[in-house]
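Here is a short set of exercises to work through with the structure open beside you. Try each task yourself before reading the solution.

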Amino acid sequence: MAAPMEAGGPARPWAEAPVFAYTERDLIRSGVRWGGPGPASRFDAALRSAWEERMSGGCFRYRLQGPELPSRLLPGPRRFVAQLNTKRATERRRPQEILSLQQPFDPERFNFTRIPPREVLFSLRRGGAAGAGRREQPEPLLIINVSPLEWGHVLLLPEPARGLPQLLTRDSVLRALELLFLSSEPGFRVGFNSLGASASVNHLHLHGYYLGHRLELESAPTEPLAPGSPRNGAAGPRPRVHLLSGHPTRGLVFYTDGTDLPQAAAAVHALTRLLVRRSLAHNLFLTRGCPLGSRAAEPGSRDGVRIVLWPRRSCFGVKEETAFNVALCELAGHFPIKNPQDYSSLTEEKALEIICKHLLSEEEFSQLRSEIIEFLQD
C-alpha cells in the first residue's frame with residue numbers, strides 16, 4: 001500500500017474553500033420523515049445552494065434536465081427506481097483501470113488534488129467537545145461530482161491531501177454518518193464503492209446525493225446475523241449486525257440512532273477490514289431508515305440511519321461504459337440508466353438477474369457469515 005503523501009508542495013485546490021462549521025447541536029436525530037415538507041437543515045441549504053451555483057456556472061461536464069431526472073418505479077414488490085441519465089454514459093471521465101482491491105495510490109494518475117478550485121463546495125469542521133480531538137487532523141471536503149447521477153451529487157473526501165487509496169478508514173465512515181445526521185431530508189444518501197466494486201478513482205472518496213424516492217432497504221425486515229447478544233467488552237457493547245431478511249442481496253445491516261456514531265463507525269470499519277483481508281470487494285450504502293428487526297411502527301419516520309454492507313465478487317479492469325454497472329446505487333434499488341431502450345424495458349426480474357451475477361454465491365456467503373460470527377465473538 002502506498003504511503004500517504006507528504007504535506008507541502010503546490011497550493012491545493014481547496015486552500016481558499018469556505019468552511020461549513022457544525023457542532024453536536026446540528027446533528028438531527030428526530031423529526032425526519034417521508035411525506036412532510038419539513039424545513040431544510042443548515043447543511044442541506046448550504047450544499048444545495050453551493051451545488052446549484054456550480055451547475056449554473058457551468059462547472060459540470062453536463063447539465064441535468066431540471067431538478068428531477070426522468071424516473072419510473074419498476075413494477076414489483078421491490079419498488080426499484082429507474083432513472084434516465086444518458087449524458088453520464090458519454091460525457092463522464094474515463095474510469096481508471098483497477099487491478100487489485102489494495103492497489104496503491106498513484107499520484108501520477110488522476111486524483112482529487114488535481115481538480116480546479118471551482119469544484120470544491122466547502123470543507124467540514126466539527127466544533128465542540130467532539131471536534132476537539134480532530135483539530136490536528138485535515139478537514140474533509142465536499143466537492144461536486146462533475147458527472148452527477150442526481151441533483152446534489154457530491155463527493156466526500158475525508159483526507160484528500162494524504163493520497164489515501166480507495167480503502168475505508170474508521171474516520172471516513174464516521175464522517176459519512178455525520179453527513180447523514182446533518183441532513184433533515186430522508187432522501188439524502190451516502191455510499192462507498194471499493195476497488196473491484198465499480199470505484200472509478202483510486203483516491204479515498206464517498207458519494208452523497210439526494211433521491212426523492214423511498215427504497216426498500218429503509219424498512220425491509222432484518223434478522224440477527226447470529227443468535228445471542230453482542231459481547232460487552234472494555235469498549236462497551238458492539239453494535240448489532242443483522243442481515244436483510246428475504247432480500248436477494250444478502251446485505252449486512254447496522255443501525256444507529258445517532259448516539260453511538262464512533263462505535264458504529266468502528267464496527268463497520270472492522271468488518272470492511274475483514275473483507276479486505278479476504279480480498280472481497282464491497283459496497284456500502286447509508287440511508288435514513290427504520291430500526292433493525294421489523295418495519296417502523298410509523299411508516300414515514302426515518303430518524304435513525306441504516307448502514308448496509310454488501311460483500312461481492314470483484315470486477316477488475318476498466319469499467320465498460322455501455323454496460324449496466326452494479327455499484328452502491330444499484331444494490332440499494334436505484335438504477336441510473338444510460339440509454340432510453342434499457343430505461344423503458346428494464347424489469348425487476350431483469351435487474352435482479354444482473355445484480356445477482358455480482359454477488360457471492362450462497363455457499364460463499366455462508367462461509368463468510370461463519371467467519372464474521374467468529375470474528376465478532378473474539
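**Exercise 1. Aromatic rings**

Which residues do ring pairs link into a cluster?

Solution. Start with the cluster: Phe-20, Tyr-22, Phe-43, Phe-122, Phe-188 and Tyr-210 are joined by ring pairs. Next, take the total for the model, which is a predicted one: there are nine aromatic pairs. One of them is formed by Trp-51 and Phe-60, with the ring centres 4.8 Å apart and 55° between the planes. Planes over 60 degrees apart would count as edge-to-face and those under 30 as stacked, so this pair is classed as tilted. Finally, look at the surroundings: Trp-51 and Phe-60 are both buried.

**Exercise 2. How far to trust the model**

Find the stretches where pLDDT stays under 50, and set them against the chain average.

Solution. Begin with the whole: the protein chain has an average pLDDT of 88, and 87% of its residues score at least 70. Then go to the start of the chain, where residues 1–9 stay under 50. For this stretch the model has 15 contacts beyond four places in sequence. Residues 229–237 also stay under 50, and here the model has nine such contacts.

**Exercise 3. The chain as a whole**

Describe the make-up of the chain, its burial and its contacts.

Solution. First count the elements: nine helices and 16 strands. Next comes burial: of the 378 residues, 54% are buried. The accessible surface adds up to about 16,300 Å², and carbon and sulfur atoms hold 51% of that area. Last, among contacts with a separation of 6 or more, 75% are between residues 24 or more positions apart.

**Exercise 4. A sheet of three strands**

Work out the strand order of the open sheet and explain what happens at its edges.

Solution. The order is 2-3-16, and the pairing is mixed. Strand 2 (71–73) and strand 16 (334–337) each have a single partner strand, so each has one side without a neighbour in the sheet. From one strand to the next, the twist averages 20°. Now check one pairing: strand 3 (residues 81–84) runs parallel to strand 16, with four bridges between them. Within this pair, Val-81 faces His-334 of strand 16.

**Exercise 5. A covered strand**

How many residues of strand 14 are buried, and which way do they point?

Solution. Strand 14 covers residues 281–289, and nine of its nine residues are buried. In a regular strand, side chains alternate between the two faces of the sheet. Here Ala-281, Asn-283, Phe-285, Thr-287 and Gly-289 point one way, while His-282, Leu-284, Leu-286 and Arg-288 point the other way. Now add the partners. Strand 7 (residues 188–193) is antiparallel to strand 14, with four bridges, and Gly-191 sits opposite Phe-285. Strand 15 (residues 304–312) also pairs with strand 14 in the antiparallel sense, over nine bridges; there, Asn-283 has Trp-310 as its bridge partner.

**Exercise 6. A glycine in a strand**

Is Gly-208 buried or exposed?

Solution. Locate the residue first: Gly-208 belongs to strand 8 (residues 206–210). Its relative accessible area is 3%, and the limit for a buried residue is under 20%, so Gly-208 is buried. Then list its contacts beyond four places in sequence: Gly-152, His-153, Val-154, Phe-188, Arg-189 and Val-190. To finish, Leu-149 is 59 residues away along the chain, and its C-alpha atom is 10.0 Å from that of Gly-208.

Note on methods
Residues numbered from 1 in each chain as written. Predicted model: local features only at pLDDT ≥ 70, side-chain atom pairs only at ≥ 80, totals over all residues. Heavy atoms only, no water. pLDDT = per-residue confidence, 0-100. Contact = heavy atoms within 4.5 Å. Pairing = 2+ DSSP bridges. Helix = DSSP H or I, 4+ residues; strand = E, 2+ residues; numbered from the N terminus. Axes fitted to C-alpha atoms, helices over the stretch in contact; angles between N-to-C directions. Buried < 20%, exposed > 50% of the residue type's maximum accessible area, 1.4 Å probe, protein only. Areas by Shrake-Rupley, 256 points an atom, 1.4 Å probe, with all protein chains shown as cover. Phe/Tyr/Trp six-rings, centres within 6.5 Å; stacked < 30°, edge-to-face > 60°.
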